[in-house]
Amino acid sequence: MELKDYAGTLLESLRERTPLVHCIVNTVVQQFAANVLLAAGASPAMIDHEADAADFAGIADGLLINFGTPTSHQYLSADAAIDTFNQAGKPWVLDPVGFGISAHRTSRIVRALNSGPAVVRGNASEVIGLAQQSGSARGTDSTHSVDDALGAAASLAQTGIVAAVSGESDAIVFADDSGTHTVTISGGSPYMPSVIGTGCSLGALTAAYAAAAAHTPQTQDLSQQARTGMAAATAHLHFTSAAQSAHKRANGPGTFAAHFLDGLYAARPEDLARIQTTWTTGGTA
Amino acid sequence: MELKDYAGTLLESLRERTPLVHCIVNTVVQQFAANVLLAAGASPAMIDHEADAADFAGIADGLLINFGTPTSHQYLSADAAIDTFNQAGKPWVLDPVGFGISAHRTSRIVRALNSGPAVVRGNASEVIGLAQQSGSARGTDSTHSVDDALGAAASLAQTGIVAAVSGESDAIVFADDSGTHTVTISGGSPYMPSVIGTGCSLGALTAAYAAAAAHTPQTQDLSQQARTGMAAATAHLHFTSAAQSAHKRANGPGTFAAHFLDGLYAARPEDLARIQTTWTTGGTA
Amino acid sequence: MELKDYAGTLLESLRERTPLVHCIVNTVVQQFAANVLLAAGASPAMIDHEADAADFAGIADGLLINFGTPTSHQYLSADAAIDTFNQAGKPWVLDPVGFGISAHRTSRIVRALNSGPAVVRGNASEVIGLAQQSGSARGTDSTHSVDDALGAAASLAQTGIVAAVSGESDAIVFADDSGTHTVTISGGSPYMPSVIGTGCSLGALTAAYAAAAAHTPQTQDLSQQARTGMAAATAHLHFTSAAQSAHKRANGPGTFAAHFLDGLYAARPEDLARIQTTWTTGGTA
């Protein structure tokens, strides 16, 4: 099977399984991320009180950790949910949003990184900072290109994590016995950076696909890294397909956001197969 | 007067009175619920700090309690706002979202139930769980049909609460000296479950109509339960009318959400009167 | 230069500089305010944990303080961010939303006012209450007209603050050695009050323009009050232009909100120049 075959299979699996995705995510994007999950075919739940989080993580299929607007409740919830996922061997996604903004936030993101996420998804600056575990004060906008971050992504991949770097083109990097693999996906919409939460909700959709892939028969012959890599790539293909479709109908970022959700809802396997991708494999891990 | 006459009267009363609705509601849906209230004709305020809540509840007309993403601030705010509403004899709505997710949340929802809401609005699984006061871990999706929940709704109704169960068709159940009444409303849009916050914001609109009904002359000859039942039914009719109108204009859940708000804004009494309903009355309470 | 020349210059400066705006703002409108900033040409960050706020304020260009749904985290964050802005001499905006709702909230808003905002932006009732520093319990809707608030706005202006009063027409009042200046802007859309967050996000955009104006060469010959006043007026012109454009395309408040964001994105200097304004100057400060 090729990437486009895995993507089509995983899209159908997602809609059949409607994985329940536990999102500990910033309040700015909760509504949009929930609508993205629903439109794509998953089921969202933004459970971020420490008294609920461990119990809920036990029934959730996927988990996203994103400390965009953290509260003490969310930090405590993340610790509890991560423990539950790790004990059950379920994959989860870390979005290092705002890495480097402050020493406190950086220390909590590093703590999550060291707890073993299956995927890290962020912009180039965040992925570079995280791989180097060095935070310098900056905003949430990336000041690096995706190409700049390929080395950092590969170094995360060497530790068993799938690294997904978002930008004008996206790169998904993972490593297994067959080498270090880089999937690049191009062709979104220039309106995307003008809609809040597109990156964060891509992390949520990646968590949904990682959960679906863990139980999809056609991906069981893959290494765990490759299976999760295919899941992350499919989330990005689903996004790109919806963005292309929405771009044709939109007159600006406001109408784009509505059409983008329609596009996620309508996307079919053949739409994902039409997105331009490359897959290169380098030296073994 | 029939239901359709009450509904038209209450719609006009809502827009004339623009009831101020105090919403203690999850952060995922705060924006959508506020836009629903504004589009329908009410005035929202999401006040959930314990230092504000009791004071604000004193000037609010309606109150919604929904612990979707509870914080300690929200739990304390709810206790204070409920006390203020109860002392003033003003009706309030409980949405038992996530009932059964965790022991802590379940205990707080039961505490609210035992504080005397005028209306409980939830999906079938939540209403069944609440009526039995037995929480088993599950997600926020209903695993029961509305018909499954009619018995549970009737048992809540026997305690003086109006029970509104949301699903493909909705059921509003209330009981007074003339018997146990079940109003069913059918014909929404299949996009509704793919838009986050439609259930939660229906609870908010129910709180707005309950507040309006309490001061609408044409409903003063009804029992308190019937008056609140007519209010809850009208909120559901207003939603269904907007959903039908939006469905015709939408290409998916994203554009549906925008057209749905337009539909709430545009709805007239004759639009509510066209929605398909049934009203059955069983044994006296 | 006239107002329309300053406005066009500042619009271009905003898009060139994409000022990073630190928003401590209620959770109801975080998504919409972020989308407004992005569509207009600025960069939003809703950082409201006390462990991040001071550090982030150091790299942010603009700051909005809005205690719509305050938490203890937000109160502590505001104190820290305001200190950082004041020490750096960067202008910041206070939105006194909900002034008078409760003694606790009122005391925190007054504390912020006494910390030296460059701009206060609110509805008429909030501006009147703030100028008198007398809070009486009421909702978030204004019960006064913009004209009612011109005296209160002038009294704030005498203390060096630019006062922006929102309503059917908007008024921006500031005072410097050349007198007390009142800019009025008229012609929005009747759908605006039916979309949550239009006022709050106007505060955010005002913070973005104040940041841009501080570094725009063409405004350096103005007094600090006049420069900030031009920034506030430009934010209001940008909003009015987008509202007029959106009104033509909308069928109600839901579609209006999407077209409004498109309108912010598309607005050009000549669009701002077409909005109807008056500028009157009274006695010197």
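A salt bridge is counted where a side-chain nitrogen of Lys or Arg lies within 4 Å of a carboxyl oxygen of Asp or Glu. In this predicted model, Asp52(C) and Arg105(A) form such a pair, with their closest N and O atoms 2.8 Å apart, and the count of salt bridges between chain C and chain A is one.

Around that pair lies the interface of chain C and chain A, in which 25 residues of chain C are in contact with 30 residues of chain A. Together the two chains bury about 2,200 Å², with 57% of this area on carbon and sulfur atoms. Within chain C, the residues that lose the most area to chain A are Gln31(C), Asp262(C) and Tyr265(C), which together account for 24% of what that side buries. Across the interface of chain C and chain A there are also 10 residue pairs in polar contact, both residues being at pLDDT 80 or more. On the side of chain C that touches chain A, two or more residues each come from helix H2 (30-40), strand E2 (43-45), helix H3 (50-59) and helix H10 (253-266) of chain C, and H2(C) gives the most, with six residues. Sorted by class, this side of chain C holds 13 nonpolar, eight polar and four charged residues.

The interface of chain A and chain B can be read in a similar order. Here 25 residues of chain A are in contact with 30 residues of chain B, and about 2,200 Å² is buried between the two chains, 58% of it given by carbon and sulfur atoms. One salt bridge is counted between chain A and chain B, and in it the side chains of Asp52(A) and Arg105(B) meet at 2.8 Å, N to O. The rule for polar contacts finds 10 residue pairs across this interface, both at pLDDT 80 or more. Among the elements that give two or more residues to the side of chain A that touches chain B are helix H2 (30-40) and helix H10 (253-266) of chain A, and the largest share, six residues, comes from H2(A).

Inside chain C, helix H1 (residues 3-17) packs against helix H9 (residues 224-249) at an angle of about 80 degrees, with the axes 9 Å apart, which makes H1(C) roughly perpendicular to H9(C). The residues that make this contact include Leu3(C), Tyr6(C) and Arg15(C) of H1(C), and Met230(C), Thr234(C) and His238(C) of H9(C). By class, the residues of the contact of H1(C) with H9(C) are nine nonpolar, two polar and one charged.

How values were computed:
Residues are numbered from 1 along each chain as its sequence is written. Chains are lettered from A and ligands numbered from 1 in the order in which they are written. This is a predicted model: local features need pLDDT of at least 70, side-chain atom pairs count only at pLDDT 80 or more; totals for chains, interfaces and linings use all residues. Side-chain values use heavy atoms; hydrogens and water are left out. Axes are lines fitted to C-alpha atoms, for helices over the stretch in contact, and angles run from 0 to 180 degrees between N-to-C directions. Helices (H or I, at least four residues) and strands (E, at least two) are DSSP runs, numbered from the N terminus. Angles under 35 degrees count as roughly parallel, over 145 as roughly antiparallel, 65 to 115 as roughly perpendicular and the rest as oblique. Contact means heavy atoms within 4.5 Å. Ala, Val, Leu, Ile, Met, Phe, Trp, Tyr, Cys and Pro count as nonpolar, Asp, Glu, Lys and Arg as charged, and the others, Gly among them, as polar. Buried area is the accessible area (1.4 Å probe) that two parts lose on being put together, summed over both. A polar contact is a pair of N or O atoms within 3.5 Å; within protein, one must be able to donate a hydrogen and the other to accept it, and residues adjacent in sequence count only if both atoms are side-chain atoms.
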